[in-house]
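Me: I would like a close look at one part of this structure. Please take a single residue and its strand, and then go on to the pockets.

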Amino acid sequence: MIEVKNLKKKFGEKTAVDGISFSIEKGKITGLLGPNGAGKTTTMRIMAGYFSDTEGAVSYDGLDLNKNFIAIKRRLGYLSEHAPLYTEMNVREYLHFCADARDLPERIKRIAIQKMLDLCELKTVIHVPIQQLSKGFKQRVALAGTLVHDPDYIILDEPSSGLDPNQIHMIRNLIRDLGKNKTILISTHILQEVTEICEKVIILSEGKIVMDADVNDLGVTDRIFFRSDIPIQKVKEIFFGTGMKDAEILQSNEDGTFNYSIDSLGQGGKSVFNILAKHSFSAHEIRPFIRSIDDIFYDLTRSK
């Protein structure tokens, strides 16, 4: 487990990270979201030991990062947003360099490099100078270098940046497989990526955590969606008296019906149906109203 406690980072008078706390469990991929300037990259750089913190602490399986820096770095793989590469090297040379920097024994090094060539689908460019590769291939080379020493903790800042749809699919499958036995934190601007590969999501805004939740719980509320021929003034009249509130008309339909959402305060769709039927209004569709991650992100991070 990785634990972040009361972490703060200031650059002069500017507070980039403002006293945040969260944990990342092994086998439970965690997504870190936030608009530009929210503090995501700064947080990851502190966790990876590239930045010092102003206050707070980061620990790996109970070991304080500042007090056990070398031991933790040996078990950590960090891919920065704009991964630096030695572009005059070819792919094999670069992976050899990364393995040597990690002090891998020769026998293990050969096996590790071959594994990365397979996992990141780099065998077709193994002898190509990195400077001649496309942006997507460069990103995959950087990821291979991050993983070559088989780290226990993996921090990935925008790992699918610059990749085409097929490459994104490959990277996501790789991260899912790694997440079964590793402790992984991933940041992304692709919101749907979080719902596809993560079990937990943390959203930052202006250096503070505005959401820390399991992905399966995202968007789950007491609100109910229903489609009916009832006019909005009647919705307020017959529903609000039962304790329900905050009715919202979502759409007017060509067949004379309306799409609504309403806060049922836990009474559920069955109660909505019974109220409509009691007053002789139609009930074409009734279901839980699940908010999309896009809507949640917008509501939590938009400028007030």
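Reply: What follows starts with one glycine and moves on to the two pockets. The model is predicted.

The glycine is Gly77, which belongs to strand S6, residues 76–79. Gly77 counts as buried because its relative accessibility is 0%, and the cut-off for buried is under 20%. Beyond the neighbours within four places in sequence, the contacts of Gly77 are Thr146, His149, Pro151, Tyr153, Ile154 and Ile155. Take Ile155 from that list: 78 residues separate Gly77 and Ile155 in sequence, yet their C-alpha atoms are 6.2 Å apart in space.

Strand S6 also leads to the largest pocket. This pocket has a volume of about 560 Å³, and 20 residues line it. Nearest its centre lie Tyr50, Tyr78, Pro84, Tyr94 and Cys98. Two or more lining residues come from each of S6, helix H3 (91–101) and helix H5 (135–147). By class, the lining of the largest pocket holds 13 nonpolar, four polar and three charged residues.

The second largest pocket has a volume of about 210 Å³. Its lining has 17 residues, and Asn36, Gly37, Ala38, Gly39 and Lys40 are those nearest its centre. Here the elements that supply two or more lining residues are strand S2 (14–24) and helix H1 (40–47). The lining of the second largest pocket divides into three nonpolar, eight polar and six charged residues.

Key
Residues are numbered from 1 along each chain as its sequence is written. This is a predicted model: local features need pLDDT of at least 70, side-chain atom pairs count only at pLDDT 80 or more; totals for chains, interfaces and linings use all residues. Side-chain values use heavy atoms; hydrogens and water are left out. Helices (H or I, at least four residues) and strands (E, at least two) are DSSP runs, numbered from the N terminus. Buried means under 20% relative accessible area, exposed over 50%, partly exposed in between (1.4 Å probe, protein chains only). Contact means heavy atoms within 4.5 Å. On a 1 Å grid over the protein atoms alone, a cavity is a set of points where a 1.4 Å probe fits but cannot get out, and a pocket is an open set with protein on both sides within 12 Å along at least five of seven lines; lining residues have an atom within 4 Å of a point. Grid points are joined across faces, edges and corners, and a volume is the space filled by probe spheres set on the points. Ala, Val, Leu, Ile, Met, Phe, Trp, Tyr, Cys and Pro count as nonpolar, Asp, Glu, Lys and Arg as charged, and the others, Gly among them, as polar.
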